[in-house]
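Q: Hey, I'm new to this one. Can you walk me through what I'm looking at?
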Amino acid sequence: MHKEKNLWVLLIFMLAGIVLGGFIGTMAENSGVLTWLNYGQQFGLTQPLVLDLGILVLTFALTIRITIAGIIGLVLAALLYRLF
């Protein structure tokens with residue numbers, strides 16, 4: 001019997017893995033042994049981009065922070081998706 005896997009479920013698993021991994025990395029930031037989990041890079045727009053149309057003002061900003069804990073969470077989410 002072939003089980004069909006849904007792409008949306010994979011996306012939810014990946015987002016949950018990244019968020020939980022980032023949370024664990026932030027919590028481990030002040031611990032002595034696990035500080036390496038919060039090591040990573042941050043990239044994106046340093047200053048927000050503002051578009052003033054007179055009536056409407058739009059502000060765009062995007063910053064992404066990739067940490068070791070986030071990558072581990074992403075891998076674990078992919079493995080869980082494959083199991084189920």
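A: Sure, and let's start with a definition we'll need for the surface: a patch is made of residues with over 30% relative accessible area and no salt bridge, and nonpolar side chains are joined within 5 Å. Also keep in mind that this is a predicted model.

Q: Okay, so which residues make the nonpolar surface patch here?
A: The patch is built from V33, L34, W36, F43, L62, I64, I66, I71, I72, V75, L76 and L79. Together these residues cover about 1100 Å².

Q: Which element gives the most to that patch?
A: Helix 2 does, with five residues. Both strand 4 (63-67) and helix 2 supply at least two residues each.

Q: Let's zoom out. How many helices and strands are in the chain?
A: The chain has two helices and four strands. Going along the sequence, the pattern reads α-β-β-β-β-α.

Q: And is the chain spread out or a compact globule?
A: The chain is more spread out than a compact globule, because its radius of gyration is 18 Å, well over the 12 Å that the globule rule gives for 84 residues. Along the principal axes, the C-alpha trace spans about 60 × 45 × 15 Å.

Q: How much of the chain is buried?
A: Buried residues make up 14% of the 84 residues. The accessible surface comes to about 7100 Å², and 72% of that belongs to carbon and sulfur atoms.

Q: What about contacts, what share join residues at least 24 apart?
A: That share is 53%, counted among contacts between residues at least 6 apart in sequence.

Q: Back to the patch for a sec. Where does F43 sit?
A: F43 is in strand 1 (residues 40-44). With a relative accessible area of 46%, F43 is partly exposed, and F43 is one of the patch residues.

Q: And I71, where is that?
A: I71 lies in helix 2. I71 is partly exposed too, at a relative accessible area of 41%, and belongs to the nonpolar patch as well.

Q: How far is I71 from G21?
A: In space, I71 and G21 are 7.2 Å apart, C-alpha to C-alpha, although 50 residues separate them in sequence.

Q: Switching topic: how many aromatic pairs does the structure hold?
A: One. The partners are F13 and Y81, arranged edge-to-face, with 6.2 Å from centre to centre and 70° between the planes.

Q: Why does that pair tie together parts that are apart in sequence?
A: Because F13 lies in helix 1 (residues 7-27) while Y81 lies in helix 2 (residues 68-83), the pair ties together parts that are 68 residues apart in sequence.

Q: Is Y81 buried or exposed?
A: Y81 is buried, with a relative accessible area of 14%. Its partner F13 is partly exposed, at 27%.

Q: Okay, I spotted A69. What does A69 touch?
A: Leaving out residues up to four places away in sequence, A69 touches G21, G25 and L37. A69 lies in helix 2 and counts as buried at 6% relative accessibility.

Q: How far apart are A69 and N38?
A: They are 6.4 Å apart in space, C-alpha to C-alpha, and 31 residues apart in sequence.

Q: So where is N38 found?
A: N38 is in the loop between helix 1 and strand 1. At 13% relative accessibility, N38 counts as buried. Setting aside residues up to four places away in sequence, N38 touches G25, T26, E29, R65 and T67.

Q: I see R65 in there. How far is R65 from G40?
A: G40 and R65 are 7.0 Å apart in space, C-alpha to C-alpha, with their positions 25 residues apart in sequence. G40 touches R65, I66 and T67, again not counting residues up to four places away. G40 is in strand 1 and is partly exposed, at 26% relative accessibility.

Q: Last one: how far apart are A78 and I66?
A: A78 and I66 are 17 Å apart in space, C-alpha to C-alpha, and 12 residues apart in sequence. A78 is in helix 2 and counts as partly exposed at 25% relative accessibility.

Methods
Residues are numbered from 1 along each chain as its sequence is written. This is a predicted model: local features need pLDDT of at least 70, side-chain atom pairs count only at pLDDT 80 or more; totals for chains, interfaces and linings use all residues. Side-chain values use heavy atoms; hydrogens and water are left out. Rings of Phe, Tyr and Trp (its six-membered ring) pair if their centres lie within 6.5 Å; planes under 30 degrees apart count as stacked, over 60 as edge-to-face and the rest as tilted. Buried means under 20% relative accessible area, exposed over 50%, partly exposed in between (1.4 Å probe, protein chains only). Patches are made of residues with over 30% relative accessible area and no salt bridge: like charges are joined within 9 Å, nonpolar side chains (Val, Leu, Ile, Met, Phe, Trp, Tyr) within 5 Å. Accessible areas come from the Shrake-Rupley method with a 1.4 Å probe; for residues, only the protein chains shown count as cover. A salt bridge is a side-chain nitrogen of Lys or Arg within 4 Å of a carboxyl oxygen of Asp or Glu. Contact means heavy atoms within 4.5 Å. The radius of gyration is taken over C-alpha atoms; the globule rule is 2.2 Å times the number of residues to the power 0.38.
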